[in-house]
Amino acid sequence: MVRNSRRNVAARSRELGAELRRARLTGKLTARQLSRKLGCSESKVSRMETGDRGASEFDVTTFLAHCGSSQREIRRVVEIARESNDSYRIRKHSEQLPDELRSLIAQETTADAISIYEPMVIPGLLQTEDYARALFGQAGLIPADDLEARVAARIERQSILRRRNAPEFTFFVHEQALRSDIGGRQVMHEQALHLVLNSGRARCTVRVLPDSAMPCGLFGGGFRVMRYAGNTPLAYLEHQTASLFLEDPTDISVYSNILRKLAADALDEGQSREWLATLASEYDQPEDAPQ
């Protein structure tokens, strides 16, 4: 479904609007009910939530207060309102993982199409629970008592793939990510089958980049490009302690060119599905079987 937009809405404005809408829904208010509380038109509430209308700190504070948001939540969202619509934004993870980063979730849920490239690991939106658990465990960066909550957050984010109006997803996964033994053969067998199943899902394309097509690290780490009807695309890069959002046309052009190169070199959908099914069979052996 194509979403209409009357003007280009910057990523910061979309994020702010998504936060306002989430607060209204959490407060169990309709747009009409909230507009009456605020003494404004219902269309103003709608435009604030889509980012089509600028919102002052006073507007945001009043909006959230009438939704019953906490003082801590109001302060957090007001900080977003204070930011300028720059061509790049950094979001520190603090105690969160990217799966719990509201800035990313807001951009994903409003996108029309998302292209994701991962050279080293299976993309988080396609990971099985056991793969995610093994990956976090091997990295050793998450306290043991937090691990299950982080796995649950990652799996919960995957609900966007099942959404009725989900974005059009294209995943480019390098062979290196698929050959890296995370959690043992049984985990990798189930992960490969999971990719086969997801590749048959509507609005979800999985394409494999063989080692023979390009070196694993040719384009550095993973990234994603999110596209919006009528609005500037957004590139997203993930690091250990922070995430970077890019809107500058020059930056978007670089990542768009990389995506075109990936599309030219990757196996097509049918070839990728067949390749993944063969890989699943290769992993379907006892753990002590010779490699």
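**Interface between domain 1 and domain 2**

In this predicted model, the C-alpha centres of domain 1 and domain 2 lie 31 Å apart. Domain 1 spans residues 11–82 of the protein chain, and domain 2 spans residues 88–284. The two domains touch. Domain 1 brings 10 residues to the contact, and domain 2 brings 12.

The size of an interface is often given as the accessible area lost when the parts come together. Here, about 840 Å² is buried between domain 1 and domain 2. Carbon and sulfur atoms give 42% of that area. On the domain 1 side, the burial rests heavily on three residues. Ala-11, Arg-14 and Glu-15 supply 67% of the area that domain 1 buries against domain 2. No other three residues supply more.

Polar pairing across the interface was examined next. No salt bridges were found between domain 1 and domain 2. Polar contact was found for 1 residue pair, with both residues at pLDDT 80 or more.

Two helices of domain 1 each supply at least two residues to the side that touches domain 2: α1 (11–26) and α5 (71–82). The largest share comes from α1, with 7 residues. By class, this side of domain 1 has 7 charged residues and 3 nonpolar ones. Polar residues are absent from it. The side of domain 1 that touches domain 2 thus holds 7 charged residues, yet the interface shows 0 salt bridges.

Terms used. Residues numbered from 1 in each chain as written. Predicted model: local features only at pLDDT ≥ 70, side-chain atom pairs only at ≥ 80, totals over all residues. Heavy atoms only, no water. Domains from an automatic or database assignment. Contact = heavy atoms within 4.5 Å. Buried area = accessible area lost by both parts, 1.4 Å probe. Salt bridge = Lys/Arg side-chain N within 4 Å of Asp/Glu carboxyl O. Polar contact = N/O pair within 3.5 Å; in protein donor to acceptor, adjacent residues only side chain to side chain. Helix = DSSP H or I, 4+ residues; strand = E, 2+ residues; numbered from the N terminus. Nonpolar A, V, L, I, M, F, W, Y, C, P; charged D, E, K, R; others polar.
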